[in-house]
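Work through the exercises below with the sequence and the structure open. Each task is followed by a solution in steps.

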Amino acid sequence: MIGSLLRREWQILRRAKGAVINPMAFLFLSATLFAIAAPALVIQQTSQGASAAGILWTLVLLTQLLALDGMYRRDFDSGLLEQLLVTAQVPFVAVLSRIFMQWLSTGFIIVLASPLLAVLLGLSVETLPATAVALLLGTPTLSLLGSIGASVTVGFNRGGVILALLVLPLFLPTLIFGADLVEAAQAGRDFMPQAYVLGLISLGALALAPFATLAGLKISLEMQ
Amino acid sequence: MLAALKRLWHKLGSPRWFFALTSFWVSLLGWAALLFLLVGAVWGLAFAPADYQQGNSFRIMYVHVPAAMLAQSLYIGMGVAGFIGLVWRMKLTDVFIAASLPLGMVVTALALFSGSVWGRPTWGSWWEWDGRTVSTLVLFFLYVGIYALREAIADMQLRARASALLAMVGTVNIPIIKYSVEWWNTLHQPASFGLTQKPAMPSEMWLPLLVMVLGFYALAGFVVLTRMRAEILHREGSARWVGEWIAGRRAI
């Protein structure tokens, strides 16, 4: 069952390429905006490490937020979500595979694109592996916790702002440790402690978020 | 003992029983709040000795600390109520969330404001991005999130379940957010009050603070119960006992 679910998600992903391309375009566009609006933060070589790491992570958070809004929308509108939750032997797995695909289409792509983004924002080449590690460990949390917010707001006409209000505060620990990891790597310090914490937060979210998402989806389905 | 607790638990499912029970508690908590707040404010503001470093400005503590404690307690209370409401489908828990949400927002705003006023003479600026300040600000945003969600859902039962879920998720995240933000940056003095250690100030200073904390909690109990009773009357408006209660009030 897991295989067929994942295959279906993969097919959707392949056919709706916009779901992958648009958030990435947004990410790079907003990085450009930052470089234009605040050249002192990005281009000049002064205190770049700290601010570049922070800007990178903030933009990743916002990109994820943008992608989350449509996470359950199509399946919700077509009624497929309801069918899936009713027929799946383990609804938990159905939700988890959806979250995994959401991560694959945004978080993972961000990890792949991170060297380019990091260089654009003025991080040193030595920092690139650490940046990728930080994103690899941190972005699953964003998909998992974001899924809770998306599940509750999917029934709203304009759920975007409420979604942001609900999930951005929850992203805070990931933002703090992610940015600090990149900053530590840039300064040549040991970044393993931050990596452990990021992984720990992701594992905690993995344990709890699918259940909360399931409860949220059930509420939203009754709202229809 | 266990049987009695179980009976109480089942009775709590009935808004009518809760309403009858709390008419005594509301007045008790109201008077206790008045007494504690009056004694604590006069004692703390007029009689407690001035701080050797901060002078008289430390007296803002008598508002700031109770407000900050209450802000967290109310949110955690909402999370616990949300859990009970989702598991046992109890009507009263949503009444509690609806009643304590606005109070929690106001108290969190008060903690932020009083902290800002205290920060001006002590740290030299109205706003510092200090760890504990930020975690209180995030707490405020968590309140706002639930408030916005409640505004957006029209159906009462679904609103109750959605806000219960979010209150639970927020409560699980509060300690993680709190410790990561404090680890991130802290300038703040450590908490004045803890359950486990002795306060780091003389008793003439912390006794009035204790009285103020008790006063704030009594006031919160009074406000929440009063709002819960009003909400129960509103929701159970068509029930017979509400009509009888109102007729009884009119007769007096």
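The exercises go from confidence to the fold of one chain, the contact between chains, bent helices and single residues.

This is a predicted model, in which local features need pLDDT of at least 70, side-chain atom pairs count only at pLDDT 80 or more, and totals for chains, interfaces and linings use all residues. Residues are numbered from 1 along each chain as its sequence is written, while chains are lettered from A and ligands numbered from 1 in the order in which they are written.

**Exercise 1. Confidence**

Find the mean pLDDT of chain A and of chain B, and the elements at the extremes.

Step 1. pLDDT is the predictor's confidence in each residue, from 0 to 100. Chain A has a mean of 86, with 95% of its residues at 70 or more. Chain B averages 87, and 94% of its residues score at least 70.

Step 2. Helices (H or I, at least four residues) and strands (E, at least two) are DSSP runs numbered from the N terminus. In chain A, the lowest confidence is in helix α3 (residues 39–42), at a mean of 69, and the highest is in helix α9 (residues 128–153), at 94. In chain B, helix α1 (residues 2–11) has the lowest mean, 80, and α3(B) the highest, 92.

Step 3. Where pLDDT is low, the predicted coordinates should not be read in detail.

Step 4. For the model as a whole, the scores are ipTM 0.85 and pTM 0.87.

**Exercise 2. The make-up of chain B**

Describe the secondary structure, extent and burial of chain B.

Step 1. Chain B has eight helices and zero strands. Its C-alpha trace spans about 60 × 40 × 35 Å along the principal axes.

Step 2. A residue is buried if 20 or more other C-beta atoms, placed from the backbone, lie within 10 Å of its own, exposed if 12 or fewer, and partly exposed in between. Of the 252 residues in chain B, 38% are buried.

Step 3. Two residues are in contact if their C-beta atoms, placed from the backbone, lie within 7 Å. Among the contacts in chain B with a separation of 6 or more, 79% join residues 24 or more positions apart.

**Exercise 3. The side of chain B that touches chain A**

Which helix of chain B gives the most residues to the side that touches chain A?

Step 1. Contacts link 22 residues of chain B with 20 residues of chain A. Both α5 (131–152) and α6 (156–184) of chain B supply at least two residues of this side.

Step 2. α6(B) gives the most, with 13 residues.

Step 3. By type, this side of chain B has 17 nonpolar, three polar and two charged residues. Here Ala, Val, Leu, Ile, Met, Phe, Trp, Tyr, Cys and Pro count as nonpolar, Asp, Glu, Lys and Arg as charged, and the others, Gly among them, as polar.

**Exercise 4. Two bent helices in chain A**

Compare end-to-end span with expected span for α8(A) and α11(A), then locate the bends.

Step 1. The expected span is 1.5 Å times one less than the number of residues. Helix α8 (residues 107–120) of chain A has 14 residues and should span 20 Å; its end C-alpha atoms are 18 Å apart, which agrees. Helix α11 (residues 192–223) of chain A, with 32 residues, reaches 45 Å, close to the 46 Å expected.

Step 2. The bend at a residue is the angle between axes fitted to the seven residues ending there and the seven starting there. In α8(A) a kink of about 55° lies at Ala113(A), shortly before Pro115(A). α11(A) bends by about 35° at Leu208(A), and Pro210(A) follows within four residues.

Step 3. The buried residues of α8(A) are Gly107(A), Ile110(A), Val111(A), Ser114(A), Leu117(A) and Ala118(A). After α8(A) comes Gly122(A), with a positive phi near 90°.

**Exercise 5. Two residues of chain B**

Are Ala81(B) and Arg89(B) buried or exposed?

Step 1. Ala81(B) is in helix α3 (residues 61–88) of chain B. Ala81(B) is buried because 24 other C-beta atoms lie within 10 Å. Leaving out residues up to four places away in sequence, Ala81(B) touches Thr93(B), Phe96(B) and Ile97(B).

Step 2. Arg89(B) sits in the loop between α3 and α4 (91–123) of chain B. With 12 other C-beta atoms within 10 Å, Arg89(B) is exposed.

Step 3. Most residues other than glycine have a negative phi. The phi of Arg89(B) is positive, near 50°.
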